[in-house]
Amino acid sequence: MIGKIGTGKSFRGCLNYLFEGRLQQTKAMQLHEMEKKQAEVIAYNQCFGDKRQLIRDFIEVSKLNPNVSKPVFHLAVSFAHGDAGKLNPQDKVDMAEKLAKEFMFHNNQYVVIEHSDRQHQHLHIVANRIGYDGKTASDSNSYKRMAEYCRKMELDYKLTKVLSPNKFLRPEQRVSQEKRVDQRKEDLKNHLFQAIKQCKDVPALRKYMEKQGYSVELGRGIAFTDQQQVRFKGSQVGYALMDIEKKLKQGQLLKQQQIQQQRLQEQQQQEELIKQQEQKLNYSKGISI
C-alpha cells in the first residue's frame, strides 16, 4: 500500500482533474478520458453535491482563514495489484476516516473518490485544511505520518506490505537501496518472463504489464514504472525492446510448430483409426487381410 499527500491552492483544479482527468484537445477526447477514469464518490464528510457544488462549498469555508495560501489537502492511497478484492466499499470508507483522523481534518469537509482507471485500486481524498472554526489542519511531517499510516493499514487489513523510506525507519529496520532496487528488478524480470510466455506481440505485452501495476513507455526502447514510481529501462533487466520482440517472435514460431505437430499427430491418429475400421469391415465380410 502506497500513500501520497500534498497541499495545493485550487479546489477547482484538483476536483476537475479527479472527476474529468487531464485536459484533452477535443470534447470527444475529454469524454473518453472521463469514461476511462470512472470516478465515483464513495464518501462525503461535512459536504455534499456534484463537482460544482463541492468546489463552491470548499472555497466558501476556506475563506474563514484567508491567510492560508494552500487550503487543499490531496491524499492518494494505492493498493497492490495482489490486494484486489480484499477490501469491500465499507473498508475503504473506514480507511479514509482513519486517514482523516491521522491528519486531523476529520471534522472538516472532505470527499473520498475511487478511480478505476488503473488495474490496481486507488482512492483519492480531497479535504479542506480549513475547518468551520477557521483552524487549519497541519501538514507537518506529512510524509512520515502517511508512511506510518500505510504500515498500520497493511497490518489491520492484511494487505501486501511495502517498505517505508529508510529515513522513516529505525536503523535496524533499514534496507540498503541496492537491495530495494535489486528486488524491484527481480519482480520486473519475473513479470516480463511470464508476459513473453503468454503474449503474442508488444501491444499485448504492454496490456499484460499494465495489469500487473506497471506504467509502460514505448518509443525507440521500452521502460517500466512500478507502483512506487520507480522506473527501469527494459535493458536494465535484460529485456531491451529488441530482445522482447525477438523472444515474442520465437514464442509465436514455437507455438505454430507445436500446433502443426499436434495437427499432424491428429491426422495420423485419424488415418490409423480409419485403417482399423477398414480392417474390421473386411474381416466381417470374411476377407483375409
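A residue counts as buried when its relative accessible area is under 20%. Cysteine 47 has 12% relative accessibility, so cysteine 47 is buried. Cysteine 150 is buried too, with a relative accessible area of 2%. The model is a predicted one, and it holds 0 disulfides.

Start with the packing. The largest nonpolar core has 27 residues. Met1, Leu75, Met95, Phe105 and Tyr149 touch the most other members of this core. Five elements give two or more residues to it: strands S3 (72-78), S4 (110-115) and S5 (122-128), and helices H4 (89-102) and H5 (142-156). H4 supplies the largest share, 5 residues.

What does methionine 1 touch, leaving aside residues up to four places away in sequence? Its contacts include Val77, Ser78 and Phe79. Met95 is also among them. So are Tyr149, Cys150, Arg151, Met153 and Glu154. Leu159, Thr160 and Val162 complete the list. Apart from this core lies another, of 20 residues, with Leu192, Val216, Phe224 and Leu248 among them.

Now the charged pairs. The whole structure has 10 salt bridges. In one of these, the side chains of arginine 151 and glutamate 154 meet at 2.8 Å, N to O. Both residues sit in helix H5, 3 residues apart, so about one helical turn separates them. Glutamate 154 is buried, at 3% relative accessibility. Arg151 and Glu154 both appear among the contacts of methionine 1.

Arginine 184 and aspartate 226 form another salt bridge, at 3.7 Å, N to O. Arginine 184 lies in helix H6 (residues 177-198), while aspartate 226 lies in the loop between strand S7 (222-225) and strand S8 (231-233), so the pair ties together parts that are 42 residues apart in sequence. Both arginine 184 and aspartate 226 are buried.

Where does the pair of glutamate 60 and lysine 63 stand, buried or exposed? Glutamate 60 is partly exposed, with a relative accessible area of 46%. Lysine 63 is exposed, at 52%. Their side chains meet in a salt bridge of 3.3 Å, N to O.

Finally, the backbone. Most residues other than glycine have a negative phi. Glutamine 46 has a positive phi of about 60°. Glutamine 46 lies in the loop between strand S2 (40-45) and helix H3 (51-62), and is partly exposed at 44% relative accessible area. Asparagine 141 also has a positive phi, near 50°. The loop between S5 and H5 holds asparagine 141. That residue is exposed, with a relative accessible area of 58%.

How values were computed: Residues are numbered from 1 along each chain as its sequence is written. This is a predicted model: local features need pLDDT of at least 70, side-chain atom pairs count only at pLDDT 80 or more; totals for chains, interfaces and linings use all residues. Side-chain values use heavy atoms; hydrogens and water are left out. A nonpolar core is a set of buried Ala, Val, Leu, Ile, Met, Phe, Trp, Tyr and Cys residues joined through side-chain atoms within 4.5 Å. Buried means under 20% relative accessible area, exposed over 50%, partly exposed in between (1.4 Å probe, protein chains only). Helices (H or I, at least four residues) and strands (E, at least two) are DSSP runs, numbered from the N terminus. Contact means heavy atoms within 4.5 Å. A disulfide is a pair of cysteine sulfur atoms within 2.5 Å. A salt bridge is a side-chain nitrogen of Lys or Arg within 4 Å of a carboxyl oxygen of Asp or Glu.
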